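I opened this notebook to keep a record of what I looked up in one chain, entry by entry. The first entry begins with a single helix and what it hides.

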Amino acid sequence: MHFAKVTLLSSDFSTLLLQVYLQVMAFIAFAAGCFTLSYGIDLSFESHEITHFIYFLFPFITTFPELTVYVYGLFSGKAGAEVAIGTALGEPFIVMTVGLLAYKLFTKRPLKMDSGSRDSLLTFIFASVIFFISYYIFRYASVFLILLFVVYEYVAQKAFKREKHESLRKTPLIYTFAGLFLLSLTGKYVVDSTVYFAKLLSLPPSLISFLVIPLISSAPEIVAPFVFLKRKEQEQIASLIAELPLTMSVYPGLLMLVENISVPFPLALGIGISLSQAVLFILEEKTEKNITTFTSFIFLALFVITLRFLI
């Protein structure tokens, strides 16, 4: 009897290990797709080989990792919707804390942006404010999130027409399409894995996706300044923040219109931190003082401490 019980426990533990292994492998495959996609995009921008149409699609291509999780999440029930909103809102938080901190520790100087990056940050700031209004005051104000992105894209397209770019070569496209294909295959499993780990750890799926998925999907943008050292500083900054307007506007905006989403306090705090960092980002360029290196440490510590008391 005792032997049978031990055998049963051993079998359950082996099953658990196998499940954890399979779920982790889903995240690894997802990460490979993120890096492949990003590498193709970086090759294109490094050589100024990008068409007008591709530039129009650029925000959707760079956020394709988040988009795959977002779409699969929408069709995966309530838990899947929580994964979707956590992923969308977590992207700015990871970029504006972890990504920005890594970049500042590497450069050790105040930030310098071009006009496109300033527009991205300002759009992100407005989108964050509208998101809080939509969630806490009037749900249908989320329509303005979508309209805000339309205006942002229109302004970006006008600026792009004044720049000179060449036609695309095949090599960057191969990497990009390979990444798109791999992400399309792995998105569903990342959603399922996130829900699985949330149950295993007794945590909300939105909190797991808020921290884990954006950390994986943003990794290529975070490491880009270290890999593409020959690129101008303004271009390196752009690789970090170009996605922010879309992930903070269209994705949560659409989700609020079709789902009765719930945003736990840690996620709301993360949005507030991202918003504050964006404001300080602009202030740093104006004052030429190295502000965001210290605020990244402070905000990350604040988030971790708050999370520790809430869990």
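Entry 1, helix H5. In H5, I found Ser 117, Ser 120, Leu 121, Thr 123, Phe 124, Ile 125, Ala 127, Ser 128, Ile 130, Phe 131 and Ser 134 buried, where buried means under 20% relative accessible area, exposed over 50% and partly exposed in between, with a 1.4 Å probe and protein chains only. Helix H5 covers residues 115-136, and its 22 residues reach 32 Å from the first C-alpha to the last, close to the 32 Å expected at 1.5 Å a residue; the expected span is 1.5 Å times one less than the number of residues.

Entry 2, ground rules. I note that this is a predicted model, in which local features need pLDDT of at least 70 and side-chain atom pairs count only at pLDDT 80 or more, while totals for chains, interfaces and linings use all residues. Residues are numbered from 1 along each chain as its sequence is written, and side-chain values use heavy atoms, with hydrogens and water left out.

Entry 3, confidence. I looked up the pLDDT (the predictor's confidence in each residue, from 0 to 100) and noted a chain mean of 80, with 80% of the residues reaching 70 or more. Among the elements of the chain, helix H2 (residues 52-62) has the lowest mean pLDDT, 64, and H13 the highest, 91. Over residues 3-9 the pLDDT is below 50, and beyond near neighbours in sequence this stretch has zero contacts in the model, a contact being heavy atoms within 4.5 Å.

Entry 4, the whole chain. I recorded 14 helices and zero strands, counted as DSSP runs numbered from the N terminus (helices H or I of at least four residues, strands E of at least two). Buried residues make up 49% of the 311 residues, and residues 24 or more positions apart account for 86% of the contacts with a separation of 6 or more.

Entry 5, cores. Which residues have the most contacts inside the largest nonpolar core? I found Leu 89, Met 96, Leu 121, Ile 241 and Phe 281 in that role, within a core of 50 residues; such a core is a set of buried Ala, Val, Leu, Ile, Met, Phe, Trp, Tyr and Cys residues joined through side-chain atoms within 4.5 Å. The largest share of this core, 10 residues, comes from helix H4 (residues 77-107). A second, separate core of 18 residues includes Phe 27, Ala 31, Leu 37 and Phe 197. Leaving aside neighbours within four places in sequence, Ile 241 is in contact with Met 96, Met 113, Ser 117, Ser 120, Leu 121 and Phe 281.

Entry 6, helix H13. I looked at Leu 275, which lies in helix H13 and is buried at a relative accessible area of 17%. Apart from neighbours within four places in sequence, Leu 275 is in contact with Phe 124, Ile 125, Ser 128 and Val 129. Glu 284 also lies in helix H13, which spans residues 265-287, and I noted that Glu 284 counts as buried, at 0% relative accessibility. Not counting residues up to four places away in sequence, Glu 284 touches Lys 104, Arg 109, Pro 110, Leu 111, Lys 289, Asn 290, Ile 291 and Thr 292.

Entry 7, aromatic rings. I noted 11 aromatic pairs in the structure, where rings of Phe, Tyr and Trp (its six-membered ring) pair if their centres lie within 6.5 Å, planes under 30 degrees apart counting as stacked, over 60 as edge-to-face and the rest as tilted. The rings of Phe 149 and Tyr 152 have centres 5.9 Å apart and planes at 40°, so I entered this pair as tilted. Phe 149 and Tyr 152 are separated by about one helical turn because they are three residues apart in helix H6 (residues 143-161). Phe 149 is buried at 5% relative accessible area, and Tyr 152 counts as buried at 12%. Ring pairs also link Phe 131, Phe 132, Tyr 135 and Tyr 136 into a cluster.

Entry 8, loops. I found a positive phi of about 55° at Ser 202, although Ser 202 is not a glycine; this residue lies in the loop between helix H7 (170-201) and helix H8 (205-217) and is exposed, with a relative accessible area of 65%. Glu 288, not a glycine either, has a positive phi of about 60°, sits in the loop between H13 and helix H14 (292-310) and counts as exposed at 64% relative accessibility.
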